[in-house]
Amino acid sequence: VARVVVLLSGTGSLCAALLAAQQTAFTVVAVGADREAPGLAAPRELGLPTFVLPLRDHPDRGSWDVALATAIAAHEPDWVVSAGFMKLLGPAVLARFGGRVVNTHPALLPAFPGAHAVRDALAAGVRTTGATVHLVDEGLDTGPVLAQTSVPVLPGDDETHLHERIKVAERTLLVDTLVSLTSSRSGTP
Ligand code: GAR
């Protein structure tokens, strides 16, 4: 069974979907965050270990990155999933887990990278957007795409409504992608 560490910053509905979907292919062994995020409640209720590493508790980004790599490594994951983690992962995390870090993003990359993907898609007036699950590299939402799903932009959509519809599709996409990664490679790179 592949061991998965999930990272989040917010509501954690994607993490909750992973927790609900754990099965023979993968198991979530810990959940980390960069703040006391609401999304930590679900794993804590299940008795899973959680860790919180705010950037401001570290003298600089480099030492935060090393602390994050160490915290993740303590749980010996086969895969690290960034599921609504709103910080760019640094070189220490990537050096340790590179090729085994998956991110999910609420747009059809390479369109609309960054922290405001849904707002940016609405502002651009696209009729279709969606979600992307990809491997993380050192860039901002630039790693190799593993899977995508499209979601239509509806007349009168605002950022909240559109993002909620994207997240419904995104949860399935993330779970399915992780199942196929962990079943085909048995969790070992
Ligand atoms: C998801 O849509 C995820 O793709 C996005 O945050 C949301 C988290 O939802 N991530 C990014 O925008 C990263 N650039 P959740 O807290 O309900 O799981």
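Which pocket is taken up by the ligand? The ligand fills the space of the largest pocket. Let us walk through that site.

First, a word on confidence. This is a predicted model. The mean pLDDT of the protein is 95. Of its residues, 97% reach 70 or more. The model also scores ipTM 0.98 and pTM 0.96. One caution applies to any such model: where pLDDT is low, the predicted coordinates should not be read in detail.

Now look at the residues around the ligand. There are 14 of them. Those that come nearest are Gly-12, Ser-13, His-163, Lys-167 and Glu-170. By type, the shell divides into three nonpolar, nine polar and two charged residues.

Where do these residues sit in the fold? Three elements each give two or more residues to the shell: helix H1 (13-21), strand S5 (101-105) and helix H6 (159-184). Helix H6 supplies the largest share, with three residues.

Next, zoom in on single atoms. Ser-13 places a polar side-chain atom 2.6 Å from an oxygen atom of the ligand. His-163 also uses its side chain: one of its polar atoms there lies 2.7 Å from a ligand oxygen. Thr-104 uses its backbone instead, with an N or O atom 3.2 Å from an oxygen atom of the ligand.

How much of the ligand does the protein cover? On its own, the ligand has 450 Å² of accessible area, and the protein covers 93% of that.

Conventions
Residues numbered from 1 in each chain as written. Predicted model: local features only at pLDDT ≥ 70, side-chain atom pairs only at ≥ 80, totals over all residues. Heavy atoms only, no water. pLDDT = per-residue confidence, 0-100. Near = heavy atom within 4 Å. Polar contact = N/O pair within 3.5 Å; in protein donor to acceptor, adjacent residues only side chain to side chain. Areas by Shrake-Rupley, 256 points an atom, 1.4 Å probe, with all protein chains shown as cover. 1 Å grid on protein atoms, 1.4 Å probe; cavity = no way out; pocket = protein on both sides within 12 Å on 5 of 7 lines; lining within 4 Å. Sits in = over half its atoms within 2 Å of the grid points. Helix = DSSP H or I, 4+ residues; strand = E, 2+ residues; numbered from the N terminus. Nonpolar A, V, L, I, M, F, W, Y, C, P; charged D, E, K, R; others polar.
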